[in-house]
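Please open the model in a viewer and keep the selection tool at hand. The tour begins at the ligand and then turns to the helices and the backbone.

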Amino acid sequence: MTATLITPGLAGAPSEVDVVVIGLGVTGAGVALDAVTRGLSVLAVDAHDLAFGTSRWSSKLVHGGLRYLAHGQVGVAHESAVERGLLMEVTAPHLTHATPMLIPLTPSVSAYLAGKTRAALTAGDLLRRGARTSRETLPGPRRISATEALTLAPGLRPGGLRGGLLSWDGQLEDDARLVTTIARTAASYGAHVRTHARALSATGTTVQLRDELTGGTTTVTARTVVNATGVWAGDLVEEVRLRPSRGTHLVLRAGTLPGLRVAVAPPVPGESNRFSLVMPQPDGTIYVGLTDEPVGTEIPDVPTPSEPEIGFLLDVVSAAFARDLRRSDVVGAYAGLRPLLDTRDGSTADLSRRHAVLTSASGVVTIVGGKLTTYRRMAEDVLDTALATNGIDAGPCRTRTLAIAGAASRDQLARLELPARLVRRYGTDAELVLASAREVSGLPDDDLLAPVAEHIPVTLAELLFGVTHEGAADVEDLLDRRTRIGLIPEDRDLARPAAERALALALTRR
Ligand SMILES: Cc1cc2nc3c(=O)[nH]c(=O)nc-3n(C[C@H](O)[C@H](O)[C@H](O)COP(=O)(O)OP(=O)(O)OC[C@H]3O[C@@H](n4cnc5c(N)ncnc54)[C@H](O)[C@@H]3O)c2cc1C
């Protein structure tokens, strides 16, 4: 039998620990890893699943902080650049890669805006240098000709194209995979990581939990409690009042804009300094983002993109690309919520740039806002506060140099003689994924490594590993979080039998 390191439900969970972490998005997973590697006992829970919330709805970029410079937030920009460098060079090279980004100099980009943008990209490169991230990891920006721009993005409208500005930033293989891998790493150090376990209420030293599989409730005592429930943070701590805004992305098949080799940032027509993003993904899709729409006070479990947002994004892309995109080109769409913090004076503070750590009257320490890119630093900050407030002795934070499961240098990864897709998603653990799939299923490699359906590069080996090592409890966990097949509803239907087969094969062996 293969050990399951992340477990659905609360059976056998400890009733007393040093730290309870509520929420297993990137922030909570990061807090669990930081706490357990400081030598503390940890119980980390999520009401649904790993990466159920905002963490799976991002643009999947590892930002260098350039946009914060425009707001004069040099410290925040530097922090983002430092964390980007750590992710790409130390903690998760296997799950990140450099992505080229092209700003096409179309007729709607004035010479003034082009000059200003070029200066900003140069400042972004200075941020990279200030963060000591090597040029090999992220090459510098440059101006390119119209011919080169059209080679990198053949679908661009050629008429009036004066060239482009090419720069580099970090991109994640998959945001939910980052969360899963951080959580699996925390579990490998001894953290109890439980999905389908909801916190009903919390104080600074107790958490009432409900096992969502059985309906049973239990109370856990802790020396400190960290609330990392993202936009739902106010449900547990009444002092935290959030008013989110929605950001929507479209999913297109790669064939819709054939030959696209770079991410393209087309200018939004009629706006002087706003760009959208068209981003090719490693799995044969393209994401198009991003909108910013206020939502009401009711926060849905899964936000839904609106038709006007979808229409807006289609129009922006159609203005820059020769092909007029139609609604039927959109094979999927998703939305995530950014937290805006209601402040005492009635205004709102945007927490998407800098995170906030808030200690409630009952002692719950809440961490909210920030970015996927800065999750490690956020975890360090909230634990430093939680431990100091409660006088808890622990070792120093170790996560700056702690490689997450499967990480290795890019040279080492390139030398692995294992299926490229598995190496991209599991790094050096690709071997473990394959070995455990063989053991659990008794199937030959041809079956385990074949795409589960046409257009869908995901393999049965990955689905099996999702159940045996990553706590997937049902088809949704497998299709929507351990893999991202569910982003395209048509593909989800095609892949459902493979997910059911993986669950049947793996669970009979548990
Ligand atoms: C549209 C959009 C695009 C973005 N793009 C990027 C990007 O490209 N790069 C980047 O660095 N950042 C990006 N961000 C920011 C980043 O996605 C978020 O900052 C980050 O994912 C927030 O993670 P979190 O763990 O704090 O919250 P979440 O991921 O929302 O996690 C909270 C978890 O808490 C759980 N939960 C809630 N209530 C309870 C309860 N009572 N008991 C137990 N569990 C509970 C939920 O199920 C959920 O899994 C983007 C954000 C948005 C909105």
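Select the ligand and T27 to begin: in this predicted model, a polar atom in the side chain of T27 is 2.7 Å from a ligand oxygen atom. Next, add D46, where a side-chain N or O atom lies 2.6 Å from an oxygen atom of the ligand. Then add T54 and display its backbone, since the polar atom to find there is a backbone atom, 2.9 Å from an oxygen atom of the ligand.

With these contacts displayed, turn on the surface of the protein. Of the 1,000 Å² of accessible area that the ligand has on its own, 94% is covered by the protein. Which elements give two or more residues to the shell around the ligand? They are α1 (26-37), β9 (197-202) and β17 (332-338).

Now extend the selection to the whole shell, which holds 36 residues; T27, D46, S55, L61 and T373 come nearest to the ligand. Colouring the shell by class gives 14 nonpolar, 16 polar and six charged residues.

**Helix pairs**

A pair of packed helices is described by two quantities, the angle between the axes and the distance between them. Keep α1 selected and add helix α6 (residues 175-188): the two axes come within 8 Å and cross at roughly 25°. Because angles under 35 degrees count as roughly parallel, α1 is roughly parallel to α6. The handedness of the crossing between α1 and α6 is left-handed.

For the second pair, select helix α3 (residues 74-91) together with helix α4 (residues 111-130). Their axes are 8 Å apart, and the packing angle is about 60°. This angle makes α3 oblique to α4. Is the crossing of α3 and α4 left-handed or right-handed? View the pair along the line joining the axes: α3 passes α4 in a right-handed crossing.

**Backbone geometry**

The final stops concern backbone torsions. Most peptide bonds are trans, and most residues other than glycine have a negative phi.

Select G289 and L290, and display the peptide bond between them: this bond is cis, with omega of about 20°. L290 belongs to the loop between β15 (285-289) and β16 (293-294).

Finally, move to A51, which is found in the loop between β3 (42-45) and β4 (61-62). What is the sign of phi at A51? Phi is positive there, near 55°, although A51 is a residue other than glycine.

How values were computed: Residues are numbered from 1 along each chain as its sequence is written. This is a predicted model: local features need pLDDT of at least 70, side-chain atom pairs count only at pLDDT 80 or more; totals for chains, interfaces and linings use all residues. Side-chain values use heavy atoms; hydrogens and water are left out. A residue is near a molecule or strand if one of its heavy atoms lies within 4 Å of it. A polar contact is a pair of N or O atoms within 3.5 Å; within protein, one must be able to donate a hydrogen and the other to accept it, and residues adjacent in sequence count only if both atoms are side-chain atoms. Accessible areas come from the Shrake-Rupley method with a 1.4 Å probe; for residues, only the protein chains shown count as cover. Helices (H or I, at least four residues) and strands (E, at least two) are DSSP runs, numbered from the N terminus. Ala, Val, Leu, Ile, Met, Phe, Trp, Tyr, Cys and Pro count as nonpolar, Asp, Glu, Lys and Arg as charged, and the others, Gly among them, as polar. Axes are lines fitted to C-alpha atoms, for helices over the stretch in contact, and angles run from 0 to 180 degrees between N-to-C directions. Angles under 35 degrees count as roughly parallel, over 145 as roughly antiparallel, 65 to 115 as roughly perpendicular and the rest as oblique. A crossing is left-handed if the near helix is turned anticlockwise from the far one by less than a right angle, and right-handed if clockwise.
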